[in-house]
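Visitor: I'd like to learn how to read a structure like this one. Could you walk me through a few features?

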Amino acid sequence: MSSTTAERRSFRWPLVLQIEPRIDSPRWLAPLVSLVAVILALVIGAVILAIIGGNPFRAYAHIAGAAFGSLGVFSDTLVKATPLIFTGTACAVAFKMKLWNIGAEGQFFMGALGAGVVILAGVVSEDASRFVTLLAMAVGGAVFGAAWGFIPGILKARLRVNEIITTLMLNYIAIALVNYFIFGVWSEGGFQMTRVFQRAAWLPRLSDLADQFPIMRGLTTHAGFIFAVIVAIVAWYILFRSLWGYEIRLIGDNPRAAAYAGINITRNTVLVLMLSGGIAGLGGMSEIAGVIHRLQGSISPGYGFTGIIIAWLAKLNPLIVIPVSILFGGLILAGREIQPAGVPRLIQGVILFMLIASEVFLRYRVRIVRKTA
Amino acid sequence: MDPVIILHAGIATGTVLLFATIGEIFTERSGIMNLGLEGMMLIGAMAAFSVTVATGNGWLGIVIAMLAGGALSMLHGVVTIHFQADQVVSGLALTFLGVGLALVLGDGLSSAGTISLLPKLTIPILSSIPVIGPIFFTDQSVLVYVGYLLIPFSWFYINRTRPGMHLRAVGENPSAADAMGVNVYRQRYAYVLVGGLLAGLSGATISLAVSPGWFSELTTGGLGWIAVGLVIFSAWDPWRAAFGAYAFGALRRTILDIQGPQLLLGLRNPFFFNPYYGFFLQMLPFLFVIIVLIIGSREAVRKRMGAPAALGLPYVRGERGL
Amino acid sequence: MDNLVEMQGITKRFPGVIANEDVDFELRPGEIHALLGENGAGKSTLMSVLAGLYKSEEGTMLVRGNPVSFNSPRDAIDLGIGMIHQHFTLIQSQTVTENILLGLDEPRFLMRLSHYDKQMVHVGDQFGLQVTPDAKIWQLSVGEQQRVEILKMLYRGVEVLIMDEPTSVLAPQEIDELFKTLRAMVAEGKSIVFISHKLHEVMTIADRITVLRQGKVTAARLDPKQSSKAELANLMVGRKVLFELEKTAKEPGDVVLDLQQVSADNDKRLPALHGVSLTVRSGEIVGVAGVAGNGQSELGEIITGLRSCTGGTILVGGNDVTNRSARTSINYGVAHVPEDRNHVGTAPNLSITDNIIMKKYRDPPLAKRTGLDRNAAQEMAKGLKEEYTILAPSVETPTRNLSGGNVQRVILARELSSQPTLLIAMQPTRGLDVGAIEGVQRLLLEQREAGAAILLVSEELEEIFSLSDRIVVIYEGEIVADGIEADAEKVGLLMTGGSKVHAKEPAA
């Protein structure tokens, strides 16, 4: 039988569990709840692994070691974290305005395409300086990514078309488009990849400094990481310190109030999705220029989708996106070696689920009350 | 490129979409949005395939698949109904969870063996109707006919029965329904479950009626998301959903067939001579969904129809009016 | 005479507040018992307990002498007790019959609407309530919707009907009709609990009155014929209530707002305003009287840039703002206190600070070249919090945690502190307790003193009468009177279409 939300009798003791809405919450509550949620999620993941016959302790220990065990693997973890910082930030920016950008994956691909076009279509000559080349690639990546965000933006702003589905559909379209260019236009010898880019198109990496600092030998962390951190900080500044960010947060909380305050929601819808797409596009450029050095079929193992989880875990704060991305980067890195292949995705799903389920504790308080009959 | 053949083949794929779409229509009519269709369908497909491989019994496969989809949907239900979490994010989480789980549990299935599809039927008199007969009633899987029956039944249930009226009430104005003694929580759980069961069935249809086998994520290949788009296009009406689903199925088949012949409508077929143009064909289904959404959104604005008024909003009992 | 219903020692708590404290209430068969109190006194809560919506922490209830305990509204309805809420519990897109059948166990499966349509008309005739069974709710007027609500209860055979502020959306003539209906129901043996904060109505209709203040009973079972308005007001509020506000005579200045033949559509794309012309001068309060749904909301929205007009011109201070954005209106000094405090006027999850700077964040000192100056914003918020006595733990508290009165203070602080030339106040005192109402009205008068032009839209005729320099009546999107005297009967007649429509006589 239904009863009020203000009361729910759980046991027939003199002790009663009372669930009531929270008036205000202490600042340490949110991070604590998130932490507990993640831990619980890992526990559940371990249980599932155990059920299907794996050894969860070995798996987790392996992950920890394979991701953070030595300077070398940590460097690899940072490499994996770099695109995640981009997509996580991209998602956080859009979600802050309640724009559900599920298309970060597609925007990432388009950004890679944009950067690739700059090189492969000869926009920049082969002997241009590294700085010019990389700059052109970044611009290309950002522009292509922003364009891919513009489409769902204008559709939503003008025609009220649901952006969840449009961004999602554009993911598949982007992948097909990039594949066309890879296979059909710039294919190297009929394989699923283009030629390797010239040296000037490579982002510098730590191992380049190996001659001066021997410790850096073999470290694959590249300048894209710094780039990503800078972009995240700038995004944070925009959201929390600038006038535009105030408007974005206001629209996200209450669009009608924002309209009443004179804020142009249509324009912001398009701009924010373009910003989000541009950031994700930069991620694609960074991956191309820093890791892959060519255009090929598999550019991303789902960075765009993982970005969603990261953004949510980071409570839509770009600064927190950075450490969370490093954590997930480690998970992805180590997860490649775990069988079966779906485990990282599974764990990500469990984490996200626990996170959103745990948010109820921010809204309600559970009290144990002594009740006299 | 015979249109009859294309439409005939399209019906099977369309049935996959039909089950998922109608299931989600039920869920959304009650006010809950479940975006996790892709995950539930994949689990359903995997479950159906593995059970059938193991037991040889396709019908058992269907049952398990539906239960799997239903179980997954209940996770979403608890989190969104009782914990009042954001429904969009929960649906996404469900997708990750479902896909991940399906990949993990289905590891190794692709080499597990083959199964035979469910029986196909030809309905005696109806199959002789010109044009319609060969397409709809000739040599179609049993599940297809189940789909045909589901359409009018769903429409009738929603619009002409008492429980259907309560369903609509809960999605339009849950506090009014609650005040009149309708158990909003229970109704929403029930219809989220219905959505999950049908999504599982949809997945089973893939394995047992369309393409037997396990191809990891390619098994569903985005069909779940297309179904979400179709729900909006259908304006939450089963008949329109059916139209969209079958049209889509036909489109898919067309894309496959169009790359075959050297001549297309008497002209040189670009897709035959440059196979890379096939990538553009791959985009078509997704482009189609976007176009369909645009049409659907404009029409809704024009005709003043729209989503169930309380869709996506969590319902809290006894919230004091402000 | 035995009591039909008895409530003894009822205590109901919500987090942070005691809504009812040791309340006794009784109802005799065949009476209209009024529950009087200001907004927030606990009347709705008490009756929600009786109607099965809430469960009290302490206390007992007796129905026809037997102790009862309800787990849901259905239990109460089974015993013949039903409640009609202030906000109707109707499904807009469904028909009258479907709404009446909502929640019932019959029909078993198939709807058979034609059969039930006839039944509804039959039941309605029994009580003199006319209904069109196959009409959809959104097509009906508010008065007709209320009739559907009543019919819903009667169909279920309730003997005790609880009505929560039923007249808040009705014009005077419709109120008379409602009272006739209530008396007819009593003649048929029903009993009614009439919840209201309106003294004059309660004194007209009630057989007995019980007064609640801040969750406690201050007077029970009073006979209206033996009480005075002042006495009741005192019981409601606990101190002497000023019925007259101090309003100085003032010569209005230049025209600030000039509406010329303005037309606009509502959300359903139907015309809501037809050729409205209106002026408001500086230092003048123009009160717009009208039943909700006759175009007032749209009127406010077109002036503040939240809705576009289909024709006509709007001038603010001589500037053409027709179909310009909300930002333009704001820049021309238009302040807007909206009808919907929580969904339009504030962003509930954002802090008081964030809400207060909503209009000013683009200008210095809040806007610096590097972004938003949070310290300046906090300082401004703190200052305004004190000035307008906003009760809250801090300026960082989210506004969703504030009471209605305090939310309104946040909005007023924001709007009035910008020294507006034109203030559009839409239902500014709706749902507030008497103390807060006085405060708001005082602030409006202060703005008038300072030379602002004020357009006041309110459903409380008394408020319009006491505050306005000039009274305007709106009906079906047209101004049917401009500068009419403060006479409730005359104004009421115009609010319902005047001589155009005769009120239907219910069956005797």
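Visitor: Which residue stands opposite Ser196(C) of E8(C)?

Guide: Happy to start there, with the reminder that this is a predicted model. The residue opposite Ser196(C) is Leu36(C). The pairing behind it is between strand E3 (residues 32-36) of chain C and E8(C), which run parallel and are joined by five bridges.

Visitor: Which other strand is joined to E8(C) by five bridges?

Guide: Strand E7 (residues 160-164) of chain C, and these two also run parallel. In this pairing, Asp164(C) has Ile195(C) as its bridge partner. E7(C) and E8(C) also belong, with H6(C), to a right-handed β-α-β unit.

Visitor: How should I read the two faces of E8(C), covered or open?

Guide: Here is the general idea: in a regular strand, side chains alternate between the two faces of the sheet. Now the case at hand. Ser191(C), Val193(C) and Ile195(C) lie on one side, Ile192(C), Phe194(C) and Ser196(C) on the other, and all are buried, so both faces are covered, as the alternation in a regular strand lets you check. Counted along strand E8 (residues 191-196) of chain C, six of its six residues are buried.

Visitor: Where are the domains of chain C, and what touches what?

Guide: The domain assignment gives domain 1 as 5-237 and domain 2 as 255-500. Their centres, taken over C-alpha atoms, are 32 Å apart. Domain 1 of chain C brings 12 residues to the contact and domain 2 of chain C brings 13. On the domain 1 side, helix H6 (residues 172-187) of chain C gives the most, with three residues. That side divides into six nonpolar, four polar and two charged residues.

Visitor: And between chains, how many residues of chain B are in contact with chain A?

Guide: The size of an interface is often given as the accessible area lost when the parts come together. Here we count residues instead: 44 of chain B are in contact with 41 of chain A. Several helices of chain B give two or more residues to this side, among them H3 (58-82) and H13 (278-303). By class, the chain B side has 31 nonpolar, nine polar and four charged residues.

Visitor: One last feature: what span should helix H5 (residues 130-159) of chain A have?

Guide: At 1.5 Å a residue, its 30 residues should span 44 Å. The end C-alpha atoms of H5(A) are 43 Å apart, which agrees. Just after H5(A), look at Arg160(A), which takes a positive phi of about 60°.

Definitions and conventions: Residues are numbered from 1 along each chain as its sequence is written. Chains are lettered from A and ligands numbered from 1 in the order in which they are written. This is a predicted model: local features need pLDDT of at least 70, side-chain atom pairs count only at pLDDT 80 or more; totals for chains, interfaces and linings use all residues. Domain bounds come from an automatic or database domain assignment. Two residues are in contact if their C-beta atoms, placed from the backbone, lie within 7 Å. Helices (H or I, at least four residues) and strands (E, at least two) are DSSP runs, numbered from the N terminus. Ala, Val, Leu, Ile, Met, Phe, Trp, Tyr, Cys and Pro count as nonpolar, Asp, Glu, Lys and Arg as charged, and the others, Gly among them, as polar. A residue is buried if 20 or more other C-beta atoms lie within 10 Å of its own, exposed if 12 or fewer, and partly exposed in between; C-beta atoms are placed from the backbone. Two strands pair if DSSP finds at least two bridges between them. A crossover is right-handed if, with the strands pointing away from the viewer, the path from the first strand over the helix to the second runs clockwise. The expected span of a helix is 1.5 Å times one less than its number of residues.
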